[in-house]
Amino acid sequence: MVDELPERLAALGGRRGRLEGTAHTQVVVYESDGDDTPDVARWATEQRAHLMEALGTHGAVLVRGVVDNAALLNYVAARIGGELLSYTERSTPRSKVDGNVYTSTEYPANQTIVQHNESAYSHSYPRWLFFASVVAAETGGETPLADTRALLERLPADLVARFRDKGVLYTRAYREGMGLTWQESYQTEDRADVERYCKQHGIELTWTEDGLRTRHRRPALVTDPVSGRESWFNQSHLFHTSNLPPATREALAEMFDEEDMPRAAYYGDGTPITDEEMDTVRDAFEECIYAFPWVRGDLLIVNNLLVSHGRRPYTGERQTLVAMAGAGGGSDEH
């Protein structure tokens, strides 16, 4: 990790930059240095190349107090990231707000959302994530970040080798009242649409009396096209049944056969990933985490290939919006 920004990134059009974070995860923070700071849309357009450089090196950029509504996020994110993406092959509940701006995952305030790279389980995923704080929580509600290059270096070499060689097999069973339905996940009521999507994206599917089962394999690591460095890029620890509270896991195991569990993860060859291996991954995430308190209007830009994100529990009202850009993926190499 570097201790300070290069001169070309230290001052961008009326906003001063600095590094914040830990030995493992750093964020480039920009704040206004005067009253004549340009509006954020013009600033983002003019400074796009510098922002992309910062994202390619550090993985995350925080611009303080500049975006506090969905329409502005929609505009600014498109100026930086290009055409915004829709949220397809969903794994969590969200609502569309404006254009391709969505609410962040709508889980209860007392729940933690564990670290993950957005849509890393999918055939295609966003390169860039844009978060805007419209309402900051009374307490908590941070969006912790973890550099997944640093995380990879903290994992045992033999575990990394297994994941690199085998990849991850993700399985899902969709049914009413148990997480998202297939209609919610694929945003359609037409089974033919689902079948076409799955065929195009390498997903095996089986229609059941209760709904739908799917299986698909994805790489566990990704190589950043800019730096050439590998990073941990999968959601095995999130899909794995050890992510469930023990009582919930036990109850589901009594209710369903293994193939009908709502979500599960295995090595790509179908062999089990142990609880201990997943605990090792979670511990490495925790070692790498950096979190900052949200302030209304904050804009956080994340390089999804290099930095994971999550959410801490909170009190009071909280509204954080998200937009995604830069479609990646499409390859089975790992």
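Hi everyone, let's start at S236, which sits in helix α9, residues 236-239. One thing to keep in mind as we go: this is a predicted model.

So is S236 buried or exposed? Its relative accessibility comes out at 0%, and buried means under 20%, so S236 counts as buried. Which residues does S236 touch, leaving aside those up to four places away in sequence? They are F163, V168, Y170, A265, I273 and M278.

Two of those names, F163 and M278, take us to a pair of helices, because F163 is in α6 and M278 is in α11, and the two helices meet. Helix α6 covers residues 157-166 and helix α11 covers residues 275-288. Their axes come within 12 Å and cross at roughly 105°, which means α6 is roughly perpendicular to α11. On the α6 side of the contact we have L159, R162 and F163; on the α11 side, E277, M278, T280 and V281. By type, that contact divides into four nonpolar residues, one polar and two charged.

Let's stay with α11 for a moment. With 14 residues at 1.5 Å each, α11 should span 20 Å, and its end C-alpha atoms are indeed 20 Å apart, so the two agree.

Now, which residues of α11 are buried? The list is E277, M278, V281, R282, A284, F285 and C288. These buried residues cover an arc of only 155° around the axis, so they lie on the same side of α11. If you turn to the other side of α11, you find E276 and E286 exposed.

That's my tour, thanks for listening!

Conventions: Residues numbered from 1 in each chain as written. Predicted model: local features only at pLDDT ≥ 70, side-chain atom pairs only at ≥ 80, totals over all residues. Heavy atoms only, no water. Axes fitted to C-alpha atoms, helices over the stretch in contact; angles between N-to-C directions. Helix = DSSP H or I, 4+ residues; strand = E, 2+ residues; numbered from the N terminus. Parallel < 35°, antiparallel > 145°, perpendicular 65-115°, else oblique. Contact = heavy atoms within 4.5 Å. Nonpolar A, V, L, I, M, F, W, Y, C, P; charged D, E, K, R; others polar. Expected span 1.5 Å × (residues − 1). Buried < 20%, exposed > 50% of the residue type's maximum accessible area, 1.4 Å probe, protein only. Arc of directions from axis to C-beta.
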